[in-house]
Amino acid sequence: MDKAIQNTMSGLRNNNMSGYFVAGKCELADLLHTLIPDGATVGCGDSVTLEQMGVFEFLREGTYVFYDKHKPGLTSAEKRALYLKNFSADTFITGVNAVTEDGKIFNIDGNGSRVAPMIYGPEQVIMVVGKNKIVANVEAAIERTRQLVAPLDAKRLNKDTPCAEFGKCVDCNHEQRICNSFVLITGQFSKDRIKVIIVDEALGY
């Protein structure tokens, strides 16, 4: 475990959140088995990291009530119903855009369905993050998310935004803009409600 990861885990603890470290997919699955009880209701955010680590399949095949937003054929209304269910889920699991070495979590979201349950609702929030998402400070987190993450995500989502075309943020006011909610989590009232699992791999973007 390198110094940046150690600092991040210490920072999370200081901010009333938990930090975990796993080497890869198998250790992640073992830890999730420990953290999520059988029969729990589980919601999820959109995440390339979770997809790469097989988390969605893990939840589908497990003994959980999974609010699967990726289920084929869902209408917009059905997706919205799942988003609302996430607030009362036992566990909400998601990726993040950046984590600072002093234990702060930063995300940019389009419609808020990913960041809102992070802030309030679910009894437990589990965030899975590749070590490439660790940055020195909040300024670096914002820069990383706006200039790297958001353009790539807009392109993945087939958005017709300037960032998807040019590969960098131009602070647009486009109708398909995905940078609508800038959310910085600096701590929690409920100790260890948020659990950040750092994977010893570069994941997502």
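Helices (H or I, at least four residues) and strands (E, at least two) are DSSP runs, numbered from the N terminus. Please keep in mind that the model is a predicted one.

**Exercise 1. Two asparagines**

Find the loops that hold Asn 16 and Asn 158, then look at phi and exposure for each.

Step 1. Start with Asn 158, which sits in the loop between helix 7 and helix 8. Its phi is positive, about 60 degrees, although Asn 158 is not a glycine.

Step 2. Move to Asn 16, in the loop between helix 1 (3–14) and strand 1 (18–22). Here too phi is positive, near 70 degrees, in a residue other than glycine.

Step 3. Set this against the general pattern: most residues other than glycine have a negative phi.

Step 4. Now for exposure. Asn 158 has a relative accessible area of 68% and is therefore exposed, the cut-off being over 50%. Asn 16, at 22%, is partly exposed.

**Exercise 2. The nonpolar cores**

Which residues have the most contacts inside the largest nonpolar core, and which elements give two or more residues to it?

Step 1. The largest nonpolar core has 23 residues, and Leu 32, Ile 36, Leu 59 and Ile 93 have the most contacts inside it.

Step 2. Two or more residues come from each of helix 2 (25–35), helix 4 (55–61), strand 2 (41–44), strand 7 (124–130) and strand 10 (194–199).

Step 3. A separate, second core is made of 19 residues, including Val 96, Met 127, Ile 185 and Val 196.

Step 4. Zoom in on Ile 36. Leaving aside residues up to four places away in sequence, Ile 36 touches Val 42, Leu 59, Tyr 64, Thr 91, Gln 124 and Ile 126.

**Exercise 3. Around Cys 44**

Is Cys 44 buried or exposed, and what does Cys 44 touch?

Step 1. Place the residue: Cys 44 belongs to strand 2.

Step 2. Its relative accessibility is 2%, so Cys 44 counts as buried; the cut-off for that class is under 20%.

Step 3. List the neighbours, again without residues up to four places away in sequence: Phe 56, Phe 66, Tyr 67, Lys 69, His 70, Asn 86, Phe 92 and Ile 93.

Step 4. Pick Phe 92 from that list and compare sequence with space. Cys 44 and Phe 92 are 48 residues apart in sequence, yet their C-alpha atoms are 5.4 Å apart.

**Exercise 4. Salt bridges and the largest pocket**

Locate the salt bridge between Arg 156 and Asp 46, then describe the largest pocket and its lining.

Step 1. There are nine salt bridges in the structure. In the one between Arg 156 and Asp 46, the closest N and O atoms are 3.0 Å apart.

Step 2. This pair joins distant parts of the chain, 110 residues apart: Arg 156 is in helix 7 (residues 138–156), and Asp 46 is in the loop between strand 2 and helix 3 (48–52).

Step 3. Check the exposure of both partners. Arg 156 is partly exposed at 34%, and Asp 46 is partly exposed at 27%.

Step 4. Widen the view: a network of salt bridges links Asp 46, Asp 153 and Arg 156.

Step 5. Turn to the largest pocket, with a volume of about 610 Å³. Its lining has 30 residues, and those closest to its centre are Asp 46, Asp 109, Asp 153, Arg 156 and Leu 157.

Step 6. Ask where the lining comes from. Helix 3, strand 6 (105–109) and helix 7 each give at least two residues, with helix 7 giving the most, five.

Step 7. Sort the lining by class: ten nonpolar, eleven polar and nine charged residues.

**Exercise 5. The cavity**

How many cavities of 30 Å³ or more does the structure hold, and which residues line the largest cavity?

Step 1. The structure holds one cavity of 30 Å³ or more. The space in the largest cavity is about 100 Å³.

Step 2. Among its lining residues are Arg 146, Asp 171, Arg 177, Cys 163, Cys 169, Cys 172 and Cys 179. By class, seven lining residues are nonpolar, one is polar and three are charged.

Step 3. Two of these residues, Arg 146 and Asp 171, form a salt bridge with closest N and O atoms 3.1 Å apart. The bridge links distant parts of the chain, 25 residues apart: Arg 146 in helix 7 and Asp 171 in the loop between helix 8 (162–166) and strand 9 (181–185).

Step 4. Finish with exposure: at 52% relative accessibility, Asp 171 counts as exposed.

How values were computed. Residues numbered from 1 in each chain as written. Predicted model: local features only at pLDDT ≥ 70, side-chain atom pairs only at ≥ 80, totals over all residues. Heavy atoms only, no water. Core = buried A, V, L, I, M, F, W, Y, C linked by side-chain atoms within 4.5 Å. Buried < 20%, exposed > 50% of the residue type's maximum accessible area, 1.4 Å probe, protein only. Contact = heavy atoms within 4.5 Å. 1 Å grid on protein atoms, 1.4 Å probe; cavity = no way out; pocket = protein on both sides within 12 Å on 5 of 7 lines; lining within 4 Å. Points joined across faces, edges and corners; volume = space filled by probe spheres on them. Nonpolar A, V, L, I, M, F, W, Y, C, P; charged D, E, K, R; others polar. Salt bridge = Lys/Arg side-chain N within 4 Å of Asp/Glu carboxyl O.
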